[in-house]
Amino acid sequence: MKVTALSGSPLKRGNVARLIEMLLKEIGASGKYEIIPSMYMVPCQECEACIKTGSCIIKSDKWSTIAKSMLKSDLIIIGSPVYFYGISGPLKTFLDRTYCLWHKRRLKGKKVILCTVNSRGTDEALDSLRLWAQIHEMKIIAAISVENIKSKNIEKDKNTQQEIKKVKKLFK
Ligand SMILES: Cc1cc2nc3c(=O)[nH]c(=O)nc-3n(C[C@H](O)[C@H](O)[C@H](O)COP(=O)(O)O)c2cc1C
């Protein structure tokens, strides 16, 4: 199974990264994931050229490489920290660029796991990810929200373990 996993956190050993690693391990995929903030993606210029061409005019960053990987994957995992009640800015910038894939619904039917980590017990970012996946007509197979405050160690957090178990069952 080919999996593309994306982290919206800049931290390599942060909560989102570790949550994604746990998911990859449980579903038996490779532990590799992309750290979107390290790629400094250029924002969508709203040039609308993609409405005709289906591709993005911006070629100066790694967006197309990641998009190609997503299109070839059986499963996409997207994780974000909650930043001021939303997903992280770099992840939002990355997702905005998927406008060019949306016109012909090129992500339609693609399986996706969405996950977010917050510190205040409320999670507005997961809704944002859900709506993004829904408008692309993707198949959301799991949507996981984790609060990091109770679990200094996310791997030992009971709620996180339960959510991961549910995902594991989907791949049995
Ligand atoms: C700029 C910034 C804004 C944040 N805003 C929120 C917030 O609105 N709600 C919340 O619950 N946590 C907020 N947090 C806490 C992070 O969501 C939390 O620490 C999360 O675990 C970070 O994930 P990471 O370790 O993978 O980077 C914020 C953190 C930062 C750095």
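This report describes the central sheet, one helix, one loop residue and the ligand surroundings of a predicted model.

## The sheet

The model contains an open sheet of five strands, arranged in the order β2-β1-β3-β4-β5 with parallel pairing. At its edges stand β2 (34–35) and β5, each of which pairs on one side only. The table lists the pairs of strands, with the bridges that join them and one example of residues that stand opposite each other.

| Strand pair | Sense | Bridges | Example of opposite residues |
|---|---|---|---|
| β1 and β2 | parallel | two bridges | Leu6 and Glu34 |
| β1 and β3 | parallel | five bridges | Thr4 and Ile76 |
| β3 and β4 | parallel | seven bridges | Ile78 and Leu114 |
| β4 and β5 | parallel | eight bridges | Leu114 and Ala143 |

Leu114 in β4 can be followed across the sheet in both directions. Ile78 stands opposite Leu114 on one strand pair, and Leu114 in turn stands opposite Ala143 in β5.

## Strand β1 and Leu6

How many of the five residues of β1 are buried? Five of the five are buried, so β1 is largely enclosed by the rest of the structure. In a regular strand, the side chains alternate between the two faces of the sheet. The residues of β1 can be sorted by direction: Val3, Ala5 and Ser7 point one way, while Thr4 and Leu6 point the other way, and all are buried. One residue of the first group, Ser7, has Ile35 in β2 as its bridge partner. Strand β4 is mostly covered as well, with seven of its eight residues buried.

Leu6 offers a closer view of this strand. Leu6 lies in β1, which spans residues 3–7. Why does Leu6 count as buried? A residue is buried if 20 or more other C-beta atoms lie within 10 Å of its own, and Leu6 has 22 other C-beta atoms within 10 Å. Leaving aside residues up to four places away in sequence, Leu6 touches Tyr33, Glu34, Ile36, Ile77 and Ile78. Among these contacts, Glu34 is also the residue that stands opposite Leu6 in β2. Leu6 and Leu91 are 85 residues apart along the chain, yet their C-alpha atoms are separated by 8.6 Å.

## Helix α7

Helix α7 is made of 13 residues, 158–170. From its first C-alpha to its last, α7 reaches 19 Å, close to the 18 Å expected at 1.5 Å a residue. Within α7, the residues Thr160, Glu163 and Ile164 are buried. Seen down the axis of α7, the buried residues fall within an arc of 100 degrees, so they line one face of the helix. The general geometry of helices helps in reading this pattern: an α-helix has 3.6 residues a turn, so residues three or four places apart point the same way.

Which residues lie exposed on the other side of α7? They are Lys158, Gln162, Lys165, Lys166 and Lys169. The cover over the buried residues of α7 includes α1 (15–26) and β5 (139–147). Strand β5 therefore appears in two settings, as an edge strand of the sheet and as part of what covers α7, according to the contact cut-off of C-beta atoms within 7 Å.

## Arg97 in a loop

Arg97 is found in the loop between α4 (89–96) and α5 (99–102). Is Arg97 buried or exposed? Arg97 is buried, because 21 other C-beta atoms lie within 10 Å. Not counting residues up to four places away in sequence, Arg97 touches Met41, Cys44, Cys56 and Trp63. The C-alpha atoms of Arg97 and Ala67 are separated by 9.3 Å, and these two residues are 30 residues apart along the chain.

## Around the ligand

The shell around the ligand holds 16 residues, of which Gly14, Val16, Pro81, Asn118 and Arg120 come nearest. The elements that give two or more residues to this shell are α1 and β4 (111–118). The largest share, three residues, comes from α1. What classes of residue make up the shell around the ligand? There are nine nonpolar, six polar and one charged residues.

Two elements thus link the ligand surroundings with the parts described earlier. Helix α1 gives residues to the shell and also belongs to what covers the buried residues of α7. Strand β4 gives residues to the shell and pairs in the parallel sense with β3 and with β5.

Technical notes: Residues numbered from 1 in each chain as written. Predicted model: local features only at pLDDT ≥ 70, side-chain atom pairs only at ≥ 80, totals over all residues. Helix = DSSP H or I, 4+ residues; strand = E, 2+ residues; numbered from the N terminus. Expected span 1.5 Å × (residues − 1). Buried ≥ 20, exposed ≤ 12 C-beta atoms within 10 Å, placed from the backbone. Arc of directions from axis to C-beta. Contact = placed C-beta atoms within 7 Å. Near = placed C-beta within 6 Å. Nonpolar A, V, L, I, M, F, W, Y, C, P; charged D, E, K, R; others polar. Pairing = 2+ DSSP bridges.
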